[in-house]
Amino acid sequence: MKPIPPSESLIEYPSDFPIKVMGPTHTEFAPTIVLVVQKHDQDFHEGKMEVRPSAKGNYTGLTCVVRAISREQLDALYSELSAHPMVKIVM
């Protein structure tokens, strides 16, 4: 991927950046996602995550607010979350 010059980036680094993750409801879903996010933001904890069940309760949506320090960090986090078997959608 071609690097985006800082002058063209829509994100200022460092900044708090929300990432939405959705997957089937499971008792280990939120704790598992916390561990994945912590690999990329060591200061991340459950207090920086909002949990919302779907209307029927089949899915759980998480909003994780990470401290973004670079595009590379965000790209790596999105890639790992997207590849995780418990995750259906990452936005």
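Let's start with Pro-18, which sits in strand E1. Keep in mind that this is a predicted model. Is Pro-18 buried, partly exposed or exposed? Its relative accessible area is 45%, so Pro-18 counts as partly exposed. Look at what Pro-18 touches beyond its sequence neighbours: Thr-63, Cys-64, Val-65, Tyr-78 and Met-91. Now find Met-49. Pro-18 and Met-49 are 31 residues apart in sequence. In space, their C-alpha atoms are 9.1 Å apart.

One of those partners deserves a stop. Thr-63 belongs to strand E3. With a relative accessible area of 16%, Thr-63 is buried, because the cut-off is under 20%. Setting aside residues within four places in sequence, Thr-63 contacts Pro-18, Ile-19 and Lys-20. Thr-63 also contacts Lys-48, Met-49 and Glu-50.

Back to E1, and to its start. Just ahead of the strand, in the segment before E1, is Pro-14. Check the peptide bond from Tyr-13 to Pro-14. What is its form, cis or trans? The bond is cis, with omega near -10 degrees. For background, most peptide bonds are trans.

Next comes Ser-15, in strand E1. Ser-15 has a relative accessible area of 18%, so it is buried. Which residues does Ser-15 touch, not counting those up to four places away in sequence? They are Val-66, Arg-67 and Ala-68. Gly-61 is another matter. The C-alpha atoms of Ser-15 and Gly-61 are separated by 22 Å, with their positions 46 residues apart along the chain.

Move along E1 to Gly-23, which is in this strand too. Gly-23 has 0% relative accessibility, so it counts as buried. Leaving out neighbours within four places in sequence, its contacts are Phe-29, Tyr-59, Thr-60, Met-86 and Lys-88. Met-91 is 68 residues from Gly-23 along the chain. The C-alpha atoms of Gly-23 and Met-91 are separated by 12 Å.

Now the core. In soluble globular proteins, nonpolar side chains tend to be buried together. How many residues does the largest nonpolar core have here? It has 20. Those with the most contacts inside this core are Ile-19, Val-21, Ile-33, Leu-62, Val-66 and Leu-81. Four elements each supply at least two core residues: strand E1 (15-24), helix H1 (29-38), strand E3 (59-68) and helix H2 (71-83). Which of them gives the largest share? That is H1, with six residues.

Take Val-21 as an example from the core. Its contacts, apart from neighbours within four places in sequence, include Phe-29 and Ile-33. Thr-60, Gly-61 and Leu-62 are also in contact with Val-21. So are Leu-81, Val-87 and Ile-89, to complete the list.

That brings us to H1 itself. H1 is mostly covered, with seven of its 10 residues buried. The buried ones are Phe-29, Ala-30, Thr-32, Ile-33, Val-34, Val-36 and Val-37. What covers them? The cover includes E1, strand E2 (49-53), E3 and H2.

Last topic: the two helices together. Two packed helices are described by the angle between their axes and the distance between the axes. The axes of H1 and H2 come within 10 Å of each other. They cross at roughly 150 degrees. Why do we call H1 and H2 roughly antiparallel? Because angles over 145 degrees count as roughly antiparallel, H1 and H2 get that label. The crossing of H1 and H2 is right-handed.

Which residues make the contact? From H1, they are Ile-33, Val-36 and Val-37. From H2, they are Leu-77, Glu-80 and Leu-81. By class, this contact of H1 with H2 has five nonpolar residues, no polar ones and one charged residue. Here is a useful rule for looking at helices. An α-helix has 3.6 residues a turn, so residues three or four places apart point the same way.

One thread to take away. Ile-33 and Leu-81 are in the helix contact. Ile-33 and Leu-81 are also among the residues with the most contacts inside the core.

Notes
Residues numbered from 1 in each chain as written. Predicted model: local features only at pLDDT ≥ 70, side-chain atom pairs only at ≥ 80, totals over all residues. Heavy atoms only, no water. Core = buried A, V, L, I, M, F, W, Y, C linked by side-chain atoms within 4.5 Å. Buried < 20%, exposed > 50% of the residue type's maximum accessible area, 1.4 Å probe, protein only. Contact = heavy atoms within 4.5 Å. Axes fitted to C-alpha atoms, helices over the stretch in contact; angles between N-to-C directions. Parallel < 35°, antiparallel > 145°, perpendicular 65-115°, else oblique. Left-handed = near helix turned anticlockwise from the far one by under 90°. Nonpolar A, V, L, I, M, F, W, Y, C, P; charged D, E, K, R; others polar.
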